[in-house]
Amino acid sequence: MLAEMSFSWVAIFLLAGVSAAALNGKDEAGRSEETLDVLMPNVVAKEEDQYVCASQPVDRDLYIVNFIPKASMKVVHHMLLYGCKNVDSAQLNGGYRLDCKGTCTGHSVIIFAWARDAASPAIPPDVGFHIGGDSGIDYLTLQIHYGDLKAFENGGTDSSGLALTVTPKRQDYLGGILLNVGMNIDVVPNVKSVHTDIACTYRSEIPIHAFAFRTHAHDLGKVISGYRIRGEHWDTMAKGNPQWPQAFYPMTKTFEIREDDIIATRCTFDGTRTDHTVHAGGTHKDEMCNLYIMYYTNATYGEPFKVCSIRGTPILFDNIPPGSDDAPPEMPKMDDDKGDDDDDDDSDDKDPQKTNDVKLD
């Protein structure tokens with residue numbers, strides 16, 4: 001079954017408030033594009049580690065083709081953009097909610113995430129994140145985690161957020177996010193490498209095509225690695241240092257994930273950086289184990305959001321490729337393209353006869 005996040009603090013990751021759109025003209029592909037600003041309405045956080053949410057309706061059928069951060073890590077610990085069916089009315093019309101543990105009322109998806117002065121992702125042509133219309137997303141919610149209150153001293157306010165590049169033109173492929181999230185975090189002191197492992201089997205006839213990844217952990221995070229396991233073969237899709245800018249970095253190539261593939265994630269923490277045991281939690285003093293995988297899929301039958309939160313078994317992770325505890329020596333270049341086409345894509349993800357029974361278990 002689809003793995004769901006069950007801890008209340010996990011639900012505080014996403015959602016945003018939206019301002020007016022400005023016409024931008026056309027891109028190189030000739031599609032009409034606009035900029036839709038999703039910004040906090042001059043909010044004032046009241047305490048450290050406070051989560052703030054603001055929302056606005058999406059009144060048209062649109063596709064997001066780029067995300068441009070408008071934030072600084074000096075002010076914002078991290079921010080998430082949610083798509084919602086409904087929201088709390090207090091978050092609308094220039095309002096906002098403090099300590100927002102839930103970002104939507106009803107159906108919700110994570111559309112984007114940002115931290116540590118990350119740059120914009122490189123999204124392939126003809127890929128769009130669908131909002132409005134029949135997408136099931138009638139509101140955008142921006143959720144920002146403010147780590148401290150320095151920005152609010154002496155009457156300061158904050159209007160951080162995102163500038164979304166959007167188009168009314170239907171895109172050939174639907175963009176989406178697969179969130180791998182680990183709950184079993186127990187970082188003990190004086191241990192150099194402490195692991196949190198996650199693994200799910202992909203249970204859908206509609207494949208997804210992974211092209212970018214983003215890691216998220218706090219101060220003890222050392223390296224996060226993501227793998228596609230097909231049969232007995234492990235392919236490294238993602239490997240990043242969560243102390244880098246937490247951008248969506250391009251993968252070396254596009255990886256097709258199809259039915260019966262296993263998605264495996266390992267978060268490695270450095271216990272030598274702490275003098276006490278650290279667990280999972282929502283404050284900057286706690287830890288997190290998140291690997292976001294950005295993908296595209298069938299525009300008609302695909303789904304825009306999936307979650308894997310099942311604890312990986314030791315017998316599976318005994319076969320992890322060597323070097324999983326070693327962070328890469330340098331960041332991937334953000335201007336890289338998505339590399340080669342799908343490495344072994346022999347599927348037809350546009351077949352209308354296929355069902356959309358999407359499950360991760």
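**Exercise 1. Is Phe67 buried or exposed, judged by its relative accessibility?**

Solution. The model is a predicted one, and the values below are computed from it. Buried means under 20% relative accessible area. At 0% relative accessibility, Phe67 therefore counts as buried.

**Exercise 2. Classify the pair formed by the rings of Phe67 and Phe129, and place both residues in the chain.**

Solution. Begin with the whole structure, in which a search finds eleven aromatic pairs. For the rings of Phe67 and Phe129, the centres are 5.3 Å apart and the planes stand at 75°. Centres within 6.5 Å make a pair, and planes over 60 degrees apart count as edge-to-face, so the pair of Phe67 and Phe129 is edge-to-face. Next, locate the partners: Phe67 belongs to strand β4 (residues 62–70) and Phe129 to strand β8 (residues 127–131), so that the pair links distant parts of the chain, 62 residues apart. Phe129, with a relative accessible area of 4%, is buried. Finally, look beyond the pair, since Phe67 and Phe129 form one aromatic cluster together with Phe112, Phe248 and Tyr292.

**Exercise 3. Describe the disulfide of Cys53 and Cys100, and then that of Cys267 and Cys289.**

Solution. The structure holds four disulfides. In the one formed by Cys53 and Cys100, the sulfur atoms are 2.1 Å apart, and the link is right-handed, with 80° about the S-S bond. Cys53 sits in strand β3 (residues 50–57), whereas Cys100 sits in the loop between β6 (97–98) and β7 (105–115), 47 residues apart. Cys53 counts as buried at 0% relative accessibility, and Cys100 likewise counts as buried at 0%.

Turning to Cys267 and Cys289, the S to S distance is 2.0 Å, and the torsion about the S-S bond is about 85°, so this disulfide is right-handed. Because Cys267 lies in strand β18 (residues 262–269) and Cys289 in the loop between β19 (278–279) and β20 (290–298), the pair ties together parts that are 22 residues apart in sequence. Both Cys267 and Cys289 are buried.

As a last step, number the bonded cysteines of the chain in sequence order, which gives the pairing 1-3, 2-4, 5-8, 6-7.

**Exercise 4. What is the volume of the second largest pocket, and which residues lie closest to its centre?**

Solution. The second largest pocket holds about 350 Å³ of space. Its lining comprises 17 residues, of which Met73, Val76, His77, Gly147 and His284 are the closest to the centre. Sorted by character, the lining divides into five nonpolar, six polar and six charged residues.

Conventions
Residues are numbered from 1 along each chain as its sequence is written. This is a predicted model: local features need pLDDT of at least 70, side-chain atom pairs count only at pLDDT 80 or more; totals for chains, interfaces and linings use all residues. Side-chain values use heavy atoms; hydrogens and water are left out. Rings of Phe, Tyr and Trp (its six-membered ring) pair if their centres lie within 6.5 Å; planes under 30 degrees apart count as stacked, over 60 as edge-to-face and the rest as tilted. Helices (H or I, at least four residues) and strands (E, at least two) are DSSP runs, numbered from the N terminus. Buried means under 20% relative accessible area, exposed over 50%, partly exposed in between (1.4 Å probe, protein chains only). On a 1 Å grid over the protein atoms alone, a cavity is a set of points where a 1.4 Å probe fits but cannot get out, and a pocket is an open set with protein on both sides within 12 Å along at least five of seven lines; lining residues have an atom within 4 Å of a point. Grid points are joined across faces, edges and corners, and a volume is the space filled by probe spheres set on the points. Ala, Val, Leu, Ile, Met, Phe, Trp, Tyr, Cys and Pro count as nonpolar, Asp, Glu, Lys and Arg as charged, and the others, Gly among them, as polar. A disulfide is a pair of cysteine sulfur atoms within 2.5 Å.
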